[in-house]
Amino acid sequence: MENSTVTLDKIIALCKRKGFIYQSASIYGGLNGVYDFAHLGTLLKKNIRKEWLKSVQATFDDILEFEGGLLGPHAEWEASGHVENFSDPMVDCLNCKHRFRADEIDLKKPCPNCGQTKWTEIRQFNLMFKTQMGAIANDDKANIAYLRPETAQPIFVNFKNFMSTYRIKIPFGVAQMGKSFRNEITPKQFLFRTREFEQMEIEWFCKEETALKDFAIWIESRKKFYADLGLNMAKIRFYEQTEAERAHYSKACTDVEYEFPFGFKEIEGIAYRGNYDLTQHSKFSGKDLAVFDEETKQTYIPHVVECSVGIDRLLLTLLFDAYHEDVVEGETRIMLKLHPKMAPIKAAFFPLVKKLSEPMLAIYKDLKRKGYEVEFDESASIGKRYRRQDEIGTPLCFTYDFESETDKCVTVRNRDTTLQERISIDSIEDYIKKTLNK
Ligand code: ATP
């Protein structure tokens, strides 16, 4: 089984061909850096969210769920530092007008697009999407809103609400999954760097005394998460940032990186942020965000450990990791070797020939009604139908043949081994359950 042949182009083509992901607004030429998730992509995302939440909730007891607004006022993003600092250096080629991130190219060399060396000055470009609220659109700060460039700030802004509405005590965490928006100068590598993406973030509020210990617990938990997704851990590394690489307020930061064909790249950031965020929002809002410690009878501003992963980047990681090509019966087949619990479709149901459709359709419909993601396929040869399912990562295919009527059994074929076995129709559901829990 070989997967050394995986390339970004193959992943993009597969996603489009099989209905995972489409370029947004493609009939109008496409919107750069924005993608639409089709049926299979949506199912895969759903599985990622489910596993993430399960993993976060298994790490510590008190984890609240949250869905903050996508738009935030100027004041919020000023306090967080994004209005002033959330920018990338940008440079243009004066000859061909191509735009680049200045930290991604060598300005001593000619333009990679046209070969001339005529650069503009480097300017800082703020990555936030800015808009105006209400009918009277003007640039008054009170009317400015930003699409959030990260999910974290709405959590910090609501910190006092969590404390008072749930009577919860430090330490506790708030978990959020949702869209973020960044006007990236050069969106690229498909889902890796987009302008609209989804994040899964946990903000863990704790006391300073336990923060580094909790940070270490989160790191271990995140390692387990990636291993449990079935990823090849030899391609994952946890990179500890040096003091010079970290934000000024950050006291420890570890990046989770995956080895893509274009190199080791970050998929998640785990950071001990000190008490910077709540301190800033206290200062800018004038609201006291300190808490009272019953033991010491003193007030303090809680510290925060954050784990932040992009769903889209993780989905791309899963596809790269799962993509395999091998030769079966003299034909090259493409297979997504996803962990069964991550596979968008769990099982497919085939009648050997069309006249056997009715009984197989009944079995399929029964499982569908029970909530399983399953497919029914009666067209083309069985071999072709297997390939279709292999390409989207379906772990199991069941075939109803002429003997099924009398022996009340079907043949189940395993995606990874291509081995087949005969099992009773009554045991199909248990067989699927067992495979999903492996
Ligand atoms: P990068 O340096 O790659 O831009 P970052 O350090 O700015 O990433 P964070 O702000 O730490 O990223 O965001 C946390 C996570 O959100 C990232 O690890 C990544 O998975 C995801 N993410 C950030 N920006 C994008 C983007 N433009 N497209 C897709 N996912 C993103």
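**Ligand shell and second largest pocket**

Me: Which atom of the ligand does the side chain of Glu-266 approach, and at what distance?

Reply: In this predicted model, an N or O atom in the Glu-266 side chain is 2.6 Å from an oxygen atom of the ligand.

Me: And what about Arg-182 and Phe-192?

Reply: The side chain of Arg-182 has an N or O atom 2.9 Å from an oxygen atom of the ligand. Phe-192 uses its backbone instead: an N or O atom there lies 3.3 Å from a nitrogen atom of the ligand.

Me: How much of the ligand does the protein cover?

Reply: On its own the ligand has 590 Å² of accessible area, and the protein covers 79% of that.

Me: Which elements give two or more residues to the shell?

Reply: These are strand 11 (196-206), strand 14 (263-272) and strand 17 (303-310). Strand 14 gives the most, with 3 residues.

Me: What is the make-up of that shell?

Reply: It divides into 6 charged, 4 polar and 4 nonpolar residues.

Me: Changing topic: what is the volume of the second largest pocket?

Reply: Its volume is about 380 Å³. The pocket is lined by 17 residues, and Asn-47, Lys-50, Lys-341, Lys-346 and Leu-436 are the closest to its centre.

Me: Which helix supplies the largest share of that lining?

Reply: Helix 2 does, with 6 residues. Helix 13 (428-436) also supplies at least two.

Me: Which domains does the lining draw on?

Reply: At least three residues come from each of domain 1 (2-70 + 148-319) and domain 2 (345-436). By type, the lining has 9 charged, 4 polar and 4 nonpolar residues.

Note on methods
Residues numbered from 1 in each chain as written. Predicted model: local features only at pLDDT ≥ 70, side-chain atom pairs only at ≥ 80, totals over all residues. Heavy atoms only, no water. Polar contact = N/O pair within 3.5 Å; in protein donor to acceptor, adjacent residues only side chain to side chain. Areas by Shrake-Rupley, 256 points an atom, 1.4 Å probe, with all protein chains shown as cover. Helix = DSSP H or I, 4+ residues; strand = E, 2+ residues; numbered from the N terminus. Nonpolar A, V, L, I, M, F, W, Y, C, P; charged D, E, K, R; others polar. 1 Å grid on protein atoms, 1.4 Å probe; cavity = no way out; pocket = protein on both sides within 12 Å on 5 of 7 lines; lining within 4 Å. Points joined across faces, edges and corners; volume = space filled by probe spheres on them. Domains from an automatic or database assignment.
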